[in-house]
Amino acid sequence: MALELSRSTWLVAVHSPVVDKVSQHRLEGGDTEGLLELIARKRMQAEGKMGRPVRVACCFEAGYDGFWLHRWLCARGIENRVLDAASILVDRRARRAKTDRLDAAGLLRTLMALERGETQVCRVVHVPNPAQEDARRRSRERARLVVERGQHTSRIKGLLMTQGIRDFEPTRGDWQARLEALRTPGDQPLAPCLRAELLRECRRLRQVIEMVAEVEAEQKAVAQAEEGNAARLARLRGIGTTFAAVLGNEVFFRDFRNRREVGGYLGLAPSPWRSGQVERDQGIAKSGNPRARRSAIELAWLWLRHQPGSALARWFHERVAGAKGRMRRIMLVAMARKLIVALWRYVTTGAVPEGAMLKS
C-alpha cells in the first residue's frame with residue numbers, strides 16, 4: 001500500500017498478490033478508521049484466496065503530517081516506511097503529468113522495488129522516537145526566535161534611518177528612555193504615528209529577547225541534568241550549549257555505521273560529475289540536514305579560534321597556507337566534515353579529537 005497524503009483527502013494505492021492490478025481508494029484526510037477498515041478488508045480478501053496469513057507493507061512521503069501516522073500504523077502491526085520525497089525517481093521531461101493518482105502509483109512501485117531488495121531506489125527516512133523528536137524542538141525554536149529578533153531589530157533601525165537617526169540600539173535595556181529622547185538631526189521630535197510604531201516594534205523585540213533567554217536557560221538546565229550527547233559535546237572548548245544541543249539532537253541521535261554516512265547526513269559529502277571525458281566536482285551535496293550543516297560550518301570557525309593546537313586546526317592552516325577567499329571557504333567546509341566525524345567518534349567511543357582541550 002502507498003498513501004498520497006494531503007489536508008483534504010488521502011489516496012491509497014493497493015496491490016494485492018491475488019489480483020494483478022493496482023486499485024486506488026480515496027479517503028477523507030485524517031480518516032484513520034477508514035484506512036484501518038480498508039486494510040483489514042483487503043487483507044481478509046487476500047488471506048481468503050491464498051489460504052495463509054498476509055503481510056501488509058505501507059509507505060508514504062515525508063511531509064507536513066510528520067511521523068504520527070507512521071507510529072499509528074506500526075502500533076497496529078502494519079510495516080510502514082517514510083520515504084524521502086527528493087530521492088524518488090521521476091520523469092525528467094519539462095512538462096510531465098503530475099496527479100495524485102500518478103504519485104500514489106509511483107510510490108507503490110518504489111515500495112515494491114524496496115521489497116525486492118533494491119535499497120538504492122530511494123532513501124528511507126530514519127524516524128526518531130517521540131522523545132528524540134520532542135528534544136530537538138528547543139534548538140529549532142531558538143533558531144526561529146533569533147531570526148525574528150534580527151527582523152525586529154532591522155525594522156526599527158530602518159525606520160529610524162529614514163529620519164536620519166543612526167545611533168539607536170533597540171536591544172539595550174534602557175531602550176524606552178532613549179526612544180523618548182530621540183530627535184531628528186533637525187532637532188525635531190519623532191512623528192506621533194512613527195513613535196507609536198517604533199514603540200510596538202520595541203515591545204515585540206523585548207518579548208522575543210526574553211523568549212530566547214528562556215529557551216537558552218532550558219537548554220542549559222537539560223544539559224546539566226542529563227548525561228547525553230549534548231552534555232559530552234559541551235565539555236569541549238569552543239562548543240557552547242546551543243551548538244551542543246543542535247548537534248546532539250539533530251545529528252547524534254542516529255546510529256551511523258561509518259564516517260561517510262555522517263558526512264552524507266549533513267550534506268557535506270562531495271557530489272562528483274563524471275561522464276565520458278568530462279570530470280568535475282560540483283561541490284558538497286547539500287542534501288542532508290540543513291540545520292546541522294549550518295551549525296557544523298559555524299562550529300568549524302569557532303574551532304579554529306578556541307582549539308588552535310588541535311590536529312584539525314593545524315591541518316587547516318597547513319592546507320590553506322595564507323590563501324583567502326573561495327579557497328579558504330572550500331577548505332573550511334572540508335574541515336567541518338572532518339570535525340563532525342571527529343565529534344561523532346567522540347560521542348560514540350569517547351575518543352577526544354587529537355590535540356583538543358576540554359573545559360576546566
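Glu133 is found in helix α4, which spans residues 130–135. In this predicted model, the side chain of Glu133 forms a polar contact with the side chain of Arg71, at 2.7 Å. Glu133 counts as buried because its relative accessibility is 16%, and the cut-off for that class is under 20%.

Helix α5, residues 137–161, contains Thr153. A polar atom of the Thr153 side chain lies 2.9 Å from the backbone oxygen of Arg149. With a relative accessibility of 14%, Thr153 also falls in the buried class.

Arg319 belongs to helix α12, residues 311–320. Its relative accessibility is 52%, so Arg319 counts as exposed, the cut-off for that class being over 50%. The accessibilities of these three residues are set out below.

| Residue | Helix | Relative accessibility | Class |
|---|---|---|---|
| Glu133 | α4 (130–135) | 16% | buried |
| Thr153 | α5 (137–161) | 14% | buried |
| Arg319 | α12 (311–320) | 52% | exposed |

Arg319 is also part of a patch of positive charge on the surface, where it gathers with Arg259, Arg260, Lys338 and Arg345. Two helices each supply at least two residues of this positive patch: α10, residues 259–265, and α13, residues 326–349. Arg319, by contrast, is located in α12.

In summary, the side chain of buried Glu133 is in polar contact with that of Arg71, and the side chain of buried Thr153 has a polar atom 2.9 Å from the backbone oxygen of Arg149. The exposed residue Arg319 is one of the members of the positive surface patch.

How values were computed:
Residues numbered from 1 in each chain as written. Predicted model: local features only at pLDDT ≥ 70, side-chain atom pairs only at ≥ 80, totals over all residues. Heavy atoms only, no water. Patch = residues over 30% accessible without salt bridge, like charges linked within 9 Å, V, L, I, M, F, W, Y side chains within 5 Å. Areas by Shrake-Rupley, 256 points an atom, 1.4 Å probe, with all protein chains shown as cover. Salt bridge = Lys/Arg side-chain N within 4 Å of Asp/Glu carboxyl O. Lys, Arg positive; Asp, Glu negative; His and termini not counted. Charge placed at Lys NZ, Arg CZ, Asp CG, Glu CD. Helix = DSSP H or I, 4+ residues; strand = E, 2+ residues; numbered from the N terminus. Buried < 20%, exposed > 50% of the residue type's maximum accessible area, 1.4 Å probe, protein only. Polar contact = N/O pair within 3.5 Å; in protein donor to acceptor, adjacent residues only side chain to side chain.
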